[in-house]
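Visitor: I should like to learn how the features of a protein model are read. Could you take me through one, step by step?

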Amino acid sequence: MQRRTLLQAALLSVLPVPLLAAAATPPVVEVYKSEWCGCCEAWIDHLKANGFAVKARNVGDTGEYRKKFGIPNDLGSCHTGLVQGYGIEGHVPAADIKRLLAERPKAKGLAVPSMPLGSPGMEGPRKDPFDVLLVKVDGNFSDYQHYSGK
């Protein structure tokens with residue numbers, strides 16, 4: 001038993017930090033969605049494919065969760081998520097959620113208002129431009145990432 005413990009300690013001391021981080025538990029995104037929404041399921045698949053764990057819950061009104069997490073109602077979409085204290089509204093790309101978790105800004109979260117074609121979970125015949133918005137603590141928001149839709 002001691003030999004195993006010593007071997008584990010030796011490996012941990014020489015493994016690069018990124019490799020240790022990759023071995024960590026994936027971030028869990030709690031998703032509150034309508035039971036009948038197919039694009040919500042597609043967005044959940046996008047999150048899982050990009051290394052997130054997801055706990056999905058069907059709810060009657062996603063607006064109450066949006067409000068609870070501090071996301072303005074006019075930025076609403078078809079589902080609302082929560083990850084490590086940040087609200088995630090709509091079809092936010094996984095890369096932007098990862099960036100948010102790495103940077104840890106003082107903010108309520110991220111939002112992609114409406115349901116733009118070409119955003120994760122809304123793949124289709126075209127890709128419309130869309131913005132990911134950073135929702136600040138005071139409820140105002142600014143551009144976080146722009147997608148050209150090309």
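Guide: The turns below go from the overall fold to single residues. Please bear in mind throughout that this is a predicted model.

Visitor: How many helices and strands does the chain contain, and in what order do the elements run?

Guide: The chain comes to 5 helices and 7 strands. Starting from the N terminus, the order is α-α-β-α-β-α-β-β-α-β-β-β. Of the 150 residues, 38% are buried. The accessible surface is about 8800 Å², and carbon and sulfur atoms hold 55% of that area. Among contacts with a separation of 6 or more, 51% join residues 24 or more positions apart.

Visitor: Which residues touch the most other members of the largest nonpolar core?

Guide: A core of this kind is a set of buried nonpolar residues joined through side-chain atoms within 4.5 Å. Here the largest one has 22 residues, and Leu47, Ile88, Ile97 and Leu110 touch the most other members. Two or more residues each come from strand S1 (28-33), helix H3 (38-49), strand S4 (86-90), helix H5 (94-103), strand S5 (107-112) and strand S6 (130-136). The greatest share, 4 residues, is given by H5. As for Leu47, its contacts beyond four places in sequence are Val29, Phe52, Val54, Ala94 and Ile97.

Visitor: Which residues of H5 are buried, and how are they arranged around the helix axis?

Guide: The buried residues of H5 are Ala94, Asp96, Ile97, Leu100 and Leu101. Viewed down the axis, these residues fall within an arc of 160°, and therefore they line one face of the helix. The face turned away from them carries the exposed residues Ala95 and Ala102. The cover over the buried residues of H5 includes H3, S3, S4, S5, S6 and strand S7 (141-147).

Visitor: What lies in the loop between S4 and H5?

Guide: Pro93 is found in that loop. With a relative accessible area of 7%, Pro93 is buried. Leaving out residues up to four places away in sequence, Pro93 touches His46, Val112, Pro120, Phe130, Val132 and Tyr147. Another way to relate distant parts of a chain is by C-alpha atoms: those of Pro93 and Asn50 are 9.5 Å apart, although 43 residues separate the two along the chain.

Visitor: Is S6 enclosed or open, and which strands pair with S6?

Guide: A general idea helps when reading any strand: in a regular one, the side chains alternate between the two faces of the sheet. In S6, 5 of the 7 residues are buried, so this strand is largely enclosed by the rest of the structure. S6 runs antiparallel to S5, with 4 bridges between them. Leu110 has Leu134 of S6 as its bridge partner. S6 also runs antiparallel to S7, here with 6 bridges. Leu133 stands opposite Asp143 in S7.

Visitor: Where do residues take a positive phi?

Guide: Most residues other than glycine have a negative phi. Gln84, which is not a glycine, has a positive phi near 50°. Gln84 sits in the loop between strand S3 (79-83) and S4, and it is partly exposed, with a relative accessible area of 46%. Ser114, in the loop between S5 and S6, also has a positive phi, about 65°. Arg104, which follows H5, has a positive phi near 50°. In the hairpin of S6 and S7, where 4 residues lie between the strands, Gly139 has a positive phi near 95°.

Visitor: How many disulfides are found, and why is Cys39 not bonded to Cys37?

Guide: A disulfide is a covalent bond between the sulfur atoms of two cysteines. A search of the whole structure finds 0 of them. The cut-off is that the two sulfur atoms lie within 2.5 Å. The closest cysteine sulfur to that of Cys39 belongs to Cys37, at 3.2 Å, and this is too far for a bond. Cys78 is in no disulfide either, since the nearest cysteine sulfur, that of Cys39, is 3.5 Å away. Cys39 counts as buried at 12% relative accessibility, and Cys78 is buried at 14%.

Technical notes
Residues numbered from 1 in each chain as written. Predicted model: local features only at pLDDT ≥ 70, side-chain atom pairs only at ≥ 80, totals over all residues. Heavy atoms only, no water. Buried < 20%, exposed > 50% of the residue type's maximum accessible area, 1.4 Å probe, protein only. Contact = heavy atoms within 4.5 Å. Areas by Shrake-Rupley, 256 points an atom, 1.4 Å probe, with all protein chains shown as cover. Arc of directions from axis to C-beta. Pairing = 2+ DSSP bridges.
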